[in-house]
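Trainee: Can we go through this one together?
Mentor: Yes, go ahead.

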Amino acid sequence: MLNNIRIVLVETSHSGNIGSAARAMKTMGLKHLYLVSPKQSIDEQAIALSAGAEDVVQNAVVVNNFEEAIADCSLVIGTSARLRHLQNTLVEPRQCGDIAMQEAHSGQVAIVFGREKFGLTNDELLKCRYHLTIPANPEYSSLNLAMAVQLVSYELRMAYLNHQELPVSTIENLNQTVSEKVTAKELEYFYEHTQRVYQSLGFIQNQGVMQKLRHLYNRVDIERNELNILRGMLSAVEKQLNCYQDK
């Protein structure tokens with residue numbers, strides 16, 4: 001299950017943070033690191049601060065954008081401060097570990113950490129099903145990137161160890177759901193399709209509506225057969241629109 005979990009660092013400013021994050025990951029059995037447009041390439045400082053986890057650093061997958069890092073994932077969890085508009089999707093590290101481990105039985109999971117200075121953008125947060133917040137001391141909540149990765153990696157490992165104790169029948173049932181998982185890339189196609197059709201109907205006239213629809217569908221956790229029905233409905237509407245336009 002841990003092999004199906006990746007840590008994604010977005011536009012990391014300092015190479016040393018990459019190495020420190022890799023060290024935090026390896027101590028908890030995680031090895032898949034994705035780097036989205038890092039500001040500094042992997043250098044001697046990154047290797048030095050990895051302190052024996054240079055294999056994680058050297059095997060890191062470097063991608064150009066957020067979408068590439070999560071394209072094949074069926075669950076994306078993005079770190080965030082306690083933002084009021086995210087209350088329905090906020091989870092703490094322990095919950096994050098349990099949710100991620102359940103999904104990792106049959107799908108790919110991404111835990112995403114944003115930029116050191118200002119985290120993830122609103123657009124990136126919209127592409128995450130859950131939003132992870134660390135309930136630190138409100139009077140001094142300063143955590144550096146590697147500390148945050150370490151804390152979350154620990155909870156992932158604890159959840160993994162707990163799941164090892166599940167009955168074999170339960171694990172087999174979880175593994176059988178792999179064909180039903182919808183990836184982030186498939187969801188993006190659906191959202192683009194939804195926006196295109198609803199704009200044609202005059203229903204969507206601003207981005208606020210689409211943001212609310214994203215929140216709605218993320219909460220539902222759509223399965224592939226359900227997504228196919230929704231895409232089919234959209235295509236049917238498009239077909240009728242084209243018929244009217246031809247007339």
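**Working notes**

Mentor: Let's start with Cys96, which touches Ile77, Val91, Ile111, Leu132, Val152 and Leu156, leaving out residues up to four places away in sequence. Contact here means heavy atoms within 4.5 Å.

Trainee: What kind of model is this?
Mentor: A predicted model, where local features need pLDDT of at least 70 and side-chain atom pairs count only at pLDDT 80 or more, while totals for chains, interfaces and linings use all residues. Residues are numbered from 1 along each chain as its sequence is written, and side-chain values use heavy atoms, with hydrogens and water left out.

Trainee: Back to Cys96. Which helix is it in, and is it buried or exposed?
Mentor: Cys96 sits in helix H5, residues 93-104. Helices are DSSP runs of H or I with at least four residues, strands are runs of E with at least two, and both are numbered from the N terminus. Cys96 is buried, at a relative accessible area of 1%. Buried means under 20% relative accessible area, exposed over 50%, and partly exposed in between, with a 1.4 Å probe and protein chains only.

Trainee: How many disulfides does the structure hold?
Mentor: Zero. A disulfide is counted as a pair of cysteine sulfur atoms within 2.5 Å.

Trainee: Why no bond for Cys73?
Mentor: Because its closest cysteine sulfur, in Cys128, is 10 Å away, which is too far for a bond. For Cys128 the closest is the sulfur of Cys73, at 10 Å, again too far.

Trainee: And are those two buried or exposed?
Mentor: Cys73 is buried at 1% relative accessibility, and Cys128 is buried at 2%.

Trainee: Changing topic. What is the secondary structure of the whole protein?
Mentor: Eleven helices and seven strands. The radius of gyration is 20 Å, close to the 18 Å that the globule rule gives for 247 residues, so the protein is as compact as a globular protein of that length. The radius is taken over C-alpha atoms, and the rule is 2.2 Å times the number of residues to the power 0.38.

Trainee: What does the C-alpha trace span along its principal axes?
Mentor: About 70 × 45 × 35 Å. Of the 247 residues, 43% count as buried. Among contacts between residues at least 6 apart in sequence, 84% join residues at least 24 apart.

Trainee: OK, the loop between S1 and H1. Where is Thr12, exactly?
Mentor: Thr12 lies in that loop, between strand S1 (5-10) and helix H1 (15-27). Thr12 is buried, with a relative accessible area of 2%. Residues that Thr12 touches include Pro38, Lys39, Gln40, Glu116 and Leu145.

Trainee: And what is phi for Glu11?
Mentor: Positive, about 45 degrees, although Glu11 is not a glycine. Most residues other than glycine have a negative phi. Glu11 is in the loop between S1 and H1 too, and is partly exposed at 22% relative accessible area.

Trainee: What about phi of Ser37?
Mentor: Phi of Ser37 is near 40 degrees, also a positive value in a residue other than glycine. Ser37 is in the loop between strand S2 (32-36) and helix H2 (44-50), and is partly exposed, with a relative accessible area of 27%.

Trainee: Last one. Where is Gln207?
Mentor: In helix H10, residues 207-220. Gln207 is partly exposed at 44% relative accessibility.
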